[in-house]
Amino acid sequence: MNYKLLQIFRNTPFGRETFLQSLYFCKTIHAHPVVYIPESDKFLMYFPNDAIQIDLDSSYLTSPKTAKQHASELFDEMGFKPAFFAPRSFTASTLPDIPTNFDYFCCPRSVSDLSSKIGLGHIGPKVRRIIKQAPFPVLLTSPVFKPWKSIAVFFGGSTNARKALQMGLKIAMVSKLPMDIYTLREKKSKGYYENIIKESDLAGPVSQFLREWHYYEKSEFDAMLYDVPHDALIVLGAYGHGVIKDLLFGSKMEKIQSTVTNNLLITGPQCELSLLH
């Protein structure tokens, strides 16, 4: 596979944890990490339906003279040949354009707010817009480097949940790690969810790579979150509802992202996936 992951490098201890996490992700799924070291505090990403200006917090410009060296050392530590992205086009002299043709994008839960002000449960507005428009999955890392040993797919039957299941299967295929499915039943039978998978032509790969399918009643949501292994990569779909859909992903995902410290791989509504590519 020639999948590429883009990482915006932050030359700080906090940024090191994020980068180590993306390197581990790439090593596990045999993808190629590519680093962009920002020289200004903003850049543009042109998506098919939106152009998003990312305003970085000041920590992304910390110690620019040592940024490439530190990134290279971390590449070496994880056994990768260093690869850096250099913008070729600029909307303005200090506003580089970052392409959106990567396969994965990795970032902390916020890129525009000072890390000292954010905590678990806060996903910054720019990261939310990226997830909403991105044709690729977005890896939101845990606060510190945390290797994962299994894959936990949250599956509720929606279109984005099916994308998340496809994503989980892709990772299970290449990583050979066990995959579990977690479903919160919405007054529906197990057969309802199994039929969705059959109709999506995913029954074959699910039967091949699934370790266990965990069902919970609606009232057991908190218990379900506790049962997810702390060292699992959680894969889930994001979507919004109603007039606040630009800000919120859906009540369950908001609860998940504010409760668990696992690494999250999120497939948004524009995410394009195939099991074969």
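Let's start in the middle of things: the largest nonpolar core in this predicted model has 46 residues, and the ones with the most contacts inside it are F25, W148, I151, F155, L165, I171 and L265. The biggest contributor is helix α4, residues 159-175, which puts in 8 residues. This core takes at least three residues from each of domain 1 (4-141) and domain 2 (150-267). If you'd like one residue to centre your viewer on, try F25. Leaving aside residues up to four places away in sequence, F25 touches L5, Y104, L139, W148, I171, L233 and L265. There's also a second core, separate from that one, with 41 residues, V34, V127, A134 and V228 among them. As a general backdrop, nonpolar side chains in soluble globular proteins tend to be buried together.

Zoom out for a moment. The protein has 8 helices and 13 strands. Buried residues account for 52% of its 277 residues. Take the contacts between residues at least 6 apart in sequence, and 78% of them join residues at least 24 apart.

Now for the sheet. Its 9 strands run in the order β2-β1-β7-β8-β13-β12-β9-β10-β11, and it is an open sheet with mixed pairing. At the edges sit β2 (32-36) and β11 (210-217), each of which pairs on one side only. Going from one strand to the next, the twist averages 25°. Helix α3, residues 125-133, packs on this sheet and touches β7 (104-107), β8 (138-140) and β13 (264-267). The direction of α3 makes about 145° with that of β8.

For a look at one pairing in detail, pick β9 (residues 150-154) and β12 (residues 232-237), which pair in the parallel sense over 4 bridges. Here I151 stands opposite L233 in β12. Both names have come up already: I151 is one of the residues with the most contacts inside the largest core, and L233 is among the residues F25 touches.

On to the charged side chains. How many salt bridges does the structure hold? There are 6. One of them joins D57 and R10, at 3.1 Å from N to O. These two come from distant parts of the chain, 47 residues apart: D57 is in the loop between β4 (50-55) and α2 (64-77), while R10 is in the loop between β1 (4-8) and α1 (13-29). Both D57 and R10 are buried.

A second salt bridge forms between D180 and R211, where the closest N and O atoms are 2.7 Å apart. This pair, too, links distant parts of the chain, with D180 in strand β10 (residues 179-185) and R211 in strand β11, 31 residues apart. Is D180 buried or exposed? D180 counts as buried because its relative accessibility is 3%, and the cut-off for buried is under 20%. R211 has a relative accessible area of 48%, so R211 is partly exposed.

Strands β10 and β11 are tied by another such contact, as the side chains of R185 and E217 meet in a salt bridge at 3.5 Å, N to O. R185 belongs to β10 and E217 to β11, and 32 residues separate them. E217 counts as partly exposed because its relative accessibility is 40%. Recall that β11 is an edge strand of the sheet, next to β10 in the strand order.

Conventions
Residues are numbered from 1 along each chain as its sequence is written. This is a predicted model: local features need pLDDT of at least 70, side-chain atom pairs count only at pLDDT 80 or more; totals for chains, interfaces and linings use all residues. Side-chain values use heavy atoms; hydrogens and water are left out. Two strands pair if DSSP finds at least two bridges between them. Axes are lines fitted to C-alpha atoms, for helices over the stretch in contact, and angles run from 0 to 180 degrees between N-to-C directions. Contact means heavy atoms within 4.5 Å. A salt bridge is a side-chain nitrogen of Lys or Arg within 4 Å of a carboxyl oxygen of Asp or Glu. Buried means under 20% relative accessible area, exposed over 50%, partly exposed in between (1.4 Å probe, protein chains only). A nonpolar core is a set of buried Ala, Val, Leu, Ile, Met, Phe, Trp, Tyr and Cys residues joined through side-chain atoms within 4.5 Å. Domain bounds come from an automatic or database domain assignment.
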